[in-house]
Amino acid sequence: MAGRGKLIAVIGDEDTVTGFLLGGIGELNKNRHPNFLVVEKDTTLNEIEDTFRQFLNRDDIGIILINQYIAEMVRHALDAHQRSIPAVLEIPSKEHPYDATKDSILRRAKGMFTAEDLR
Amino acid sequence: MSGKDRIEIFPSRMAQTIMKARLKGAQTGRNLLKKKSDALTLRFRQILKKIIETKMLMGEVMREAAFSLAEAKFTAGDFSTTVIQNVNKAQVKIRAKKDNVAGVTLPVFEHYHEGTDSYELTGLARGGEQLAKLKRNYAKAVELLVELASLQTSFVTLDEAIKITNRRVNAIEHVIIPRIERTLAYIITELDEREREEFYRLKKIQEKKKILKEKSEKDLQQRRAAGEVIEPANLLAEEKDEDLLFE
């Protein structure tokens, strides 16, 4: 079933969002709402959570990319999301390299792989 | 164990046949579901392995992309605000296709390009080459991430499907089949007991009849001895019948 194209959303720091926008995923929809959010030092948790929930409810977003350190801040909202679409992917940022133990998806399968698979 | 009662049914031979058929059906169903669960679990493990590999790879690709971003920033200055302001249409979008594994539909993402690059003129002043490299790196990262997202959605969907299937297998194995077996045992014992009762009843009746017969025989002999009995006429003896005359 090839439906109408879905978008990739990004929630991240300025560098991450800039990079991905240059990759060509940014779009403003009919109501001039963007599919990305730049998280700065003064962005409140509520704002991040709200935007995340909005992205989840929009049916034209297929994937949500979120920096791992931001995902940590709104971990409860991430864990509450059980549906398979939109897929939520945690990506590393410049200051925080990728940490597999914090990834919410991999935690669900915690018992199923050993430490050497991660090497 | 409470809660494992048998099915309420009148014990008869037909009920027994029905229960046997049901038991067979439940066992076949359980085996099929077990096979489905095994197939799903196998696929699940494969996907998990692939996810771990891809995530490690993604970590590296992102690091390289971030590095090239720093390079580009160094050469071209701060273009972040311009980039963010100039967003209008996405060039890279994804489609959701359906894949089928052992009866479970898994969503798979496929990315496609649409339209032209809206940032073609961004690096024109300075740092054009770094910017081009940066765009390529991030495009590569996006492709990898789309693949990762497909794996992840399959992972989540399979997880749910496996849980449901295992729940059903356990329900059949620990509730349905013991219940049917108990019903079957009950029917068999009831039938056996009925047979025994029938047998016992027949025997008792035979005994009673025998006693009655003996009693009446004795009676008859006593009366014969006393001469009170007139033998009834024997139809088979040769005797002349009087003619019947109709007046």
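1. Start with the nonpolar core. In this predicted model, the largest one holds 59 residues. If you want to find its middle on screen, look for the residues with the most contacts inside it: Phe20(A), Ile63(A), Leu65(A), Phe79(B) and Leu145(B). Both chains are on that list, so to speak, and the largest share of the core, 16 residues, comes from α3(B). As background, nonpolar side chains tend to be buried together in soluble globular proteins.

2. There is another core too, lying apart from the one above and made of 17 residues. Ile48(A), Phe52(A), Ile64(A) and Ile70(A) are among them.

3. Phe20(A) is a good residue to click on. What is Phe20(A) in contact with, once its neighbours within four places in sequence are left aside? From chain A there are Val10(A), Ile25(A), Leu65(A) and Ile91(A). From chain B come Met62(B), Tyr138(B), Val142(B) and Leu145(B).

4. Phe20(A) belongs to helix α1(A), where it is one of the buried residues. The helix covers residues 14–23 of chain A, and nine of its 10 residues are buried, so the rest of the structure largely encloses it. The buried set is not just nonpolar names: Asp15(A), Thr16(A) and Thr18(A) are in it, along with Val17(A), Gly19(A), Phe20(A), Leu21(A), Leu22(A) and Gly23(A). Right after α1(A) you reach Gly24(A), which has a positive phi, near 105 degrees.

5. Now for empty space. How many cavities of 30 Å³ or more does a search of the whole structure find? The answer is one, and its volume is about 30 Å³. Its lining brings back some residues you have already met: Phe20(A), Ile63(A), Leu65(A) and Leu145(B), joined by Ile8(A), Val142(B) and Val146(B). The lining divides into seven nonpolar residues, with no polar and no charged ones.

6. Which elements supply that lining? β3 of chain A (61–67) and α3 of chain B (128–225) each give at least two residues. The biggest contributor is α3(B), with three. Recall that α3(B) also supplies the largest share of the main core.

7. Stepping back to chain A as a whole, you can count five helices and four strands. Along the sequence they come in the order β-α-β-α-β-α-α-β-α. Chain A has 119 residues, of which 56% count as buried. Looking at contacts in chain A between residues at least 6 apart in sequence, 66% join residues at least 24 apart.

8. One loop residue deserves a visit: Ser93(A), found between β4 (87–91) and α5 (104–108) of chain A. Is Ser93(A) buried or exposed? Its relative accessibility is 8%, and the cut-off for buried is under 20%, so Ser93(A) counts as buried. Beyond its neighbours within four places in sequence, Ser93(A) is in contact with Asp13(A), Asn67(A) and Tyr69(A).

9. Finally, have a look at the strands in chain B. Strand β1(B), residues 92–101, runs antiparallel to β2(B), residues 104–113, and 10 bridges join them. To check the register, find Val92(B) opposite His113(B), then Lys97(B) opposite Val108(B). The two strands form a hairpin with two residues between them, and in the turn Ala102(B) has a positive phi of about 50 degrees. While you are tracing these strands, keep in mind that side chains in a regular strand alternate between the two faces of the sheet.

Notes:
Residues are numbered from 1 along each chain as its sequence is written. Chains are lettered from A and ligands numbered from 1 in the order in which they are written. This is a predicted model: local features need pLDDT of at least 70, side-chain atom pairs count only at pLDDT 80 or more; totals for chains, interfaces and linings use all residues. Side-chain values use heavy atoms; hydrogens and water are left out. Two strands pair if DSSP finds at least two bridges between them. On a 1 Å grid over the protein atoms alone, a cavity is a set of points where a 1.4 Å probe fits but cannot get out, and a pocket is an open set with protein on both sides within 12 Å along at least five of seven lines; lining residues have an atom within 4 Å of a point. Grid points are joined across faces, edges and corners, and a volume is the space filled by probe spheres set on the points. Ala, Val, Leu, Ile, Met, Phe, Trp, Tyr, Cys and Pro count as nonpolar, Asp, Glu, Lys and Arg as charged, and the others, Gly among them, as polar. A nonpolar core is a set of buried Ala, Val, Leu, Ile, Met, Phe, Trp, Tyr and Cys residues joined through side-chain atoms within 4.5 Å. Buried means under 20% relative accessible area, exposed over 50%, partly exposed in between (1.4 Å probe, protein chains only). Contact means heavy atoms within 4.5 Å.
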